[in-house]
Each structure stands twice: as C-alpha cells, then as structure tokens.
Amino acid sequence: MFSDFDRQAMRRALELAARGLTTTQPNPRVGCVIARGGRVVAEGWHARAGEAHAEVAALAAAAGQAAGAAAYVTLEPCSHQGRTPPCVDALIAARVARVVYAVADPNPQVNGRGAARLEAAGVAVEAGLLAAEAEELNVGFMKRMRTGRPWVRVKLAMSLDGRTALASGASRWISGTAAREDVQHWRARSSAVLTGIGTVLADDPRLDVRLPDEAGGERRQPLRVVLDSSLRTPPEARLLTVPGEVLIVTAIPASEPRWEPLCAALAARGARIETLPAAGNGVPLPAMLDRLGELEINELQVEAGPTLAGELLRQELADELLIYMAPKLLGPSARPLLAFPELAELDAAPTFAIAEVARVGDDVRLRLRPRAGGGAN
C-alpha cells in the first residue's frame, strides 16, 4: 500500500523525467526522488544519452544522505552496462533501504532483473506506483522495446468538414499560428519525422524543429525520413538545406550504375539512402518501421499526405492521430483528410478513443488512439 507521500514523491519524479522530453533519445525519460522520513533530500533526472541516469544524478545530489533512504524512480533501475554503468549498483552502493518504481523496464536486458538485483542485496522494492503516467511519458521507448517498432503518431490538419486542402492543392494555412507552433513541440519530442515523396515534391517542407536551443546546448533535431520508393527526391530539396540527418528510404537498388549520379548528389547534401525490398509499387511500411526500430527511433511523427497517412491507418500501423481542426469549411470538392478504402458497412469503420481534446489558439487539437480490435500493430 502506497502512502500519500509516496504518490507525491513519484509525481515529482515524473515531473523531473519530463524535463528530458526532447533530449533523451534513444533513452527513456526518467526521474528520481530520494527521501528520508517523509522529506525529499535529493532529485535527479536523465538529460541525455551518455550522461548520468536519473538515479545516479539524484544520488550525487544526495551527498551522503541516501543511506537508509527511499528512492522513487519512474522506471525500473537498469541492471546492465550500457553507455553508463548499472544504476542498481549505484543504489546498492549508496545503501538505500527502499526503491519504489512506477513501471518495469521492458528492455530485455533489464525487465525484472533490476528489481531482482536490488532485492537480492536486501533492498525493499515496490512497483506499480503511477504506472499509467510513467508508461505514457515513454510510449515510444516502451513500444520499441516490446515490438521492435517506434510509436507512430500521424499529424494531420483539417477543416471542420475533414478537408486538408482546396481542390487546387492550396493548403497554407488551414491551421493557425498557435497550432503550427504547437506542432514544433511535438516534432521536438519525436525521434524522427516521416514524410512521403509526394509531400516533398508538392510542399518542399523542411521538417526541422524551429524552437530556441535547449538549455545547456544546441537543440537536437529529429531524424528526417523520406519514403521515396522510386528515388525522386531532388538534391535541392529544402529538408537537405538545414542541420540534421536525412534518411531516404527507397525500393530502388541505389547501387545500380544509373542511379549513382543522383545518389552521389543526394549524399553530397548529407542524405543517407537505404533500400528495402519493394512490396507492390512501393516500400513495405512494416519493414520500414522495423528498420526505424533498429535505428533506435522511439517516437515517429508522420507529416505526410492523405495517401501515406491513409495507408498507415489501413494497415493498422498508426498508434495515434494528432489532428488540428480549424474552424473553417472548405467544401465537398476540397481534398480529403485520408485516402481510405470505401466501406460497405458502418460497422467496419475504424474507431478511436479520444486521448485528449485541447484548444490551441483558434484551433482544436485532438489526440485519438485506435480502439482495441482496430488498433496499431
């Protein structure tokens, strides 16, 4: 049974973990609070991969007050040597008496082993405090560790009648200034931003994060991924003119001599090209997500046209829709939100749970998640 103070301490640990929302990739966001006698004596959080984990940072801040104390951690302490030493060793060496963690670490190198190591050393261990909140903070890391794929968030902007552009293709701007700035924050927390070649050719987006630098350093830019089955990305595309990595995923054997000049031109602009075996007329989306998982992508934000967005939904590969709805009507001839097969029965329609509704300037932001039975793989 957890006390009110336990809950208060874990909520604070979650607040601390959220400070690493945009910086910890590919690691999870983790916070730690150390307390003695109902009083917090130290705090810490994980800021960047390769730097101290939350527990180690909190123990350093405790300056000798950790012996006999309780440590509240948002994720099961790690028990393996990664970029930094195991956190369980630091907790045991500091002689903490109790460790409370919110949720188990699904990393196969950790899952249950961290708790077992602590218990074997005589530390009291309790789990499950504010587990849902901790899981939500690390949806991408959790999914990647369990399935090998990133959390797929599809961002869309639409009018009240579900349209994304006029029949002519004009779409700037459906959403307002506040909504467009809000998108920047969602990009910043993402490990990668994915678009299709159609969007690159039509809109020439940058897909970078245009926010002030993080405290203590230059802002991390997410990997920009272009799904380009027939290798049509122009070397002068704007996404190749701004800092950050660009990955072009294609079905074209880029090693063939006829593609060498284009590949060389793209590489000269900093792009990396990877080929996946073609499926039908394009790149297989499941294989693409598997590859991004191998690249340690936790959260993938999709900013694409109706074809790619619709296909992710049709194949049940989208975990979440991030929709900005503007108080405008574009009419029946305007372009639809998604390219989706016509349904014969209403019961066959994909359904979603509303995770969040928020007003952003003059627009409304919706976060929707597929309901069980029609959700993402």
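This is a tutorial dialogue on reading selected features of a predicted model.

User: How does one describe a pair of aromatic rings, and how many aromatic pairs are counted here?

Analyst: A pair of aromatic rings is described by the distance of the centres and the angle of the planes. In this model the count comes to one aromatic pair. The ring centres of phenylalanine 5 and tyrosine 72 are 6.2 Å apart and the planes stand at 75 degrees, so the pair is edge-to-face. Phenylalanine 5 belongs to helix H1 (residues 4–17) and tyrosine 72 to strand E3 (residues 70–75), so the pair links distant parts of the chain, 67 residues apart.

User: Are phenylalanine 5 and tyrosine 72 buried or exposed?

Analyst: Both phenylalanine 5 and tyrosine 72 are buried.

User: Which charged side chains sit over a ring?

Analyst: The charged end of arginine 19 is placed over the ring of tryptophan 45, 4.4 Å from the ring centre. Arginine 180 lies over the face of tryptophan 173, and there the distance to the ring centre is 4.3 Å.

User: What span should helix H7 have, and how far apart are its end C-alpha atoms?

Analyst: Helix H7 covers residues 177–189, which is 13 residues. At 1.5 Å a residue the expected span is 18 Å, and the end C-alpha atoms are 19 Å apart, which agrees.

User: Which residues of H7 are buried?

Analyst: First the general idea. An α-helix has 3.6 residues a turn, so residues three or four places apart point the same way. In H7 the buried residues are Ala179, Asp182, Val183, Gln184, Trp186, Arg187, Ala188 and Arg189.

User: How is empty space found, and what is the volume of the largest pocket?

Analyst: Rolling a probe the size of a water molecule over the atoms shows where empty space is left. The largest pocket has a volume of about 1500 Å³. Its lining has 49 residues, and Thr199, Asp203, Glu303, Ala304 and Gly305 lie nearest the centre. The elements that give two or more residues to this lining are strand E6 (151–158), strand E7 (163–165), H7, helix H8 (197–203), helix H11 (306–314) and strand E14 (335–336). By class, the lining divides into 22 nonpolar, 14 polar and 13 charged residues.

User: How many cavities of 30 Å³ or more are there?

Analyst: There is one cavity of 30 Å³ or more. The largest cavity holds about 90 Å³ of space. Of the 16 residues that line the largest cavity, Thr24, Gln25, Asn27, Arg29 and Asn298 lie nearest its centre. The lining of the largest cavity has three nonpolar, nine polar and four charged residues.

User: Which peptide bond is cis, and which residues have a positive phi although they are not glycine?

Analyst: Most residues other than glycine have a negative phi, and most peptide bonds are trans. Here the bond from glutamine 25 to proline 26 is cis, with omega near 5 degrees. Proline 26 is in the loop between H1 and strand E1 (31–36). Alanine 63 has a positive phi of about 50 degrees, and glutamate 316 has one of about 55 degrees.

User: Where do alanine 63 and glutamate 316 lie?

Analyst: Alanine 63 is in the loop between helix H2 (54–62) and E3. Its relative accessible area is 63%, over the 50% cut-off, so alanine 63 is exposed. Glutamate 316 lies in the loop between H11 and strand E13 (320–325). With a relative accessible area of 33%, glutamate 316 is partly exposed.

Definitions and conventions. Residues numbered from 1 in each chain as written. Predicted model: local features only at pLDDT ≥ 70, side-chain atom pairs only at ≥ 80, totals over all residues. Heavy atoms only, no water. Helix = DSSP H or I, 4+ residues; strand = E, 2+ residues; numbered from the N terminus. Expected span 1.5 Å × (residues − 1). Buried < 20%, exposed > 50% of the residue type's maximum accessible area, 1.4 Å probe, protein only. Phe/Tyr/Trp six-rings, centres within 6.5 Å; stacked < 30°, edge-to-face > 60°. Lys NZ or Arg CZ within 6 Å of the ring centre and 35° of its normal. 1 Å grid on protein atoms, 1.4 Å probe; cavity = no way out; pocket = protein on both sides within 12 Å on 5 of 7 lines; lining within 4 Å. Points joined across faces, edges and corners; volume = space filled by probe spheres on them. Nonpolar A, V, L, I, M, F, W, Y, C, P; charged D, E, K, R; others polar.
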